[in-house]
Amino acid sequence: MALKTTPFDAAEYLDTPEAQAEFITAALETGDAAFIRDAVNTVARARGMGEIAKSAGLTREGLYKALGEAGNPEFSTMLGVLRALGLGLTARPLTGKTGKSRRSTKPRPRKAA
C-alpha cells in the first residue's frame, strides 16, 4: 500500500509574530542569502502577500518576484519587507568566529599640525 503524503508549508504553522521572528532569525544566522530570502517569503505568505506588498510599497507581483526562487532583492527591498512584517535587523558579535578586524593593532603615526 502506498503512503499518502501532503506537501509541507511552514507558512501554515507560523501563526504568531514571535514564531515568525524566530524563523527569520534562524535563517539570518545561517548567512545564506537564498535561505534568508526564502524565510522572508514564507513569513510574508503567512501574513498575506498582498498586505505585506502594500505596506512595503511594492506590488504583489513585485513582491512575489523579489522573494521568489530566482529573486535577488535589493537590500532596501528586504528592509522594507521586514519593516512591513514588523521586524527589524540587529547586529551582534559572532561567538566562536574569528575574523580580521578592520582596526590595525599597530599605532598610526600622527601627522604634524
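Here are some notes on this predicted model, meant for someone opening it for the first time.

1. Start with the overall layout. The chain holds five helices and zero strands, so if you follow the elements from the N terminus you simply read α-α-α-α-α. The chain has 113 residues, and 26% of them count as buried.

2. Next, have a look at the largest pocket. About 480 Å³ of space lies in it. Its lining takes in 15 residues, and those nearest the centre are Thr25, Leu28, Glu29, Thr90 and Arg92. Helix H1, which covers residues 17-30, gives the most to this lining, with five residues. Sorted by class, the lining comes out as seven nonpolar, five polar and three charged residues.

3. Two of those central residues are worth a second look, as Arg92 and Glu29 meet through their side chains in a salt bridge (3.3 Å, N to O). Arg92 lies in the segment after H5 and Glu29 in helix H1, so this pair ties together parts that are 63 residues apart in sequence. Is Glu29 buried or exposed? Its relative accessible area is 53%, and the cut-off for exposed is over 50%, so Glu29 is exposed.

4. Then there's the second largest pocket, with about 250 Å³ of space. This one is also lined by 15 residues, and Ala33, Ile36, Arg37, Phe75 and Met78 lie nearest its centre. H1, helix H2 (33-47) and helix H5 (75-84) each supply at least two residues of the lining. The largest share, five residues, comes from H2. By class, this lining has 11 nonpolar, two polar and two charged residues.

5. Arg37, one of the residues nearest the centre of that second pocket, also forms a salt bridge with Asp38, where the closest N and O atoms are 3.1 Å apart. How accessible are the two partners? Arg37 is buried, with a relative accessible area of 9%, whereas Asp38 counts as partly exposed at 35%.

6. The structure holds three salt bridges, and the one still to mention joins the side chains of Arg45 and Asp9 (2.9 Å, N to O). Arg45 lies in helix H2 and Asp9 in the segment before H1, so here the pair ties together parts that are 36 residues apart in sequence. Arg45 counts as partly exposed at 33% relative accessibility, and Asp9 counts as partly exposed as well, at 21%.

7. Now for the surface. Which residues form a nonpolar patch there? They are Leu28, Phe75 and Leu89, with about 290 Å² of accessible area together. Leu28 turned up earlier among the residues nearest the centre of the largest pocket, and Phe75 among those nearest the centre of the second largest. Phe75 is found in helix H5 and is exposed, with a relative accessible area of 57%.

8. One last spot to check is Lys54, in helix H3 (residues 49-56). Lys54 is exposed, with a relative accessible area of 70%. Where does this residue sit relative to Val81? The two are 27 residues apart along the chain, and their C-alpha atoms are separated by 9.6 Å.

Note on methods. Residues numbered from 1 in each chain as written. Predicted model: local features only at pLDDT ≥ 70, side-chain atom pairs only at ≥ 80, totals over all residues. Heavy atoms only, no water. 1 Å grid on protein atoms, 1.4 Å probe; cavity = no way out; pocket = protein on both sides within 12 Å on 5 of 7 lines; lining within 4 Å. Points joined across faces, edges and corners; volume = space filled by probe spheres on them. Helix = DSSP H or I, 4+ residues; strand = E, 2+ residues; numbered from the N terminus. Nonpolar A, V, L, I, M, F, W, Y, C, P; charged D, E, K, R; others polar. Patch = residues over 30% accessible without salt bridge, like charges linked within 9 Å, V, L, I, M, F, W, Y side chains within 5 Å. Areas by Shrake-Rupley, 256 points an atom, 1.4 Å probe, with all protein chains shown as cover. Salt bridge = Lys/Arg side-chain N within 4 Å of Asp/Glu carboxyl O. Buried < 20%, exposed > 50% of the residue type's maximum accessible area, 1.4 Å probe, protein only.
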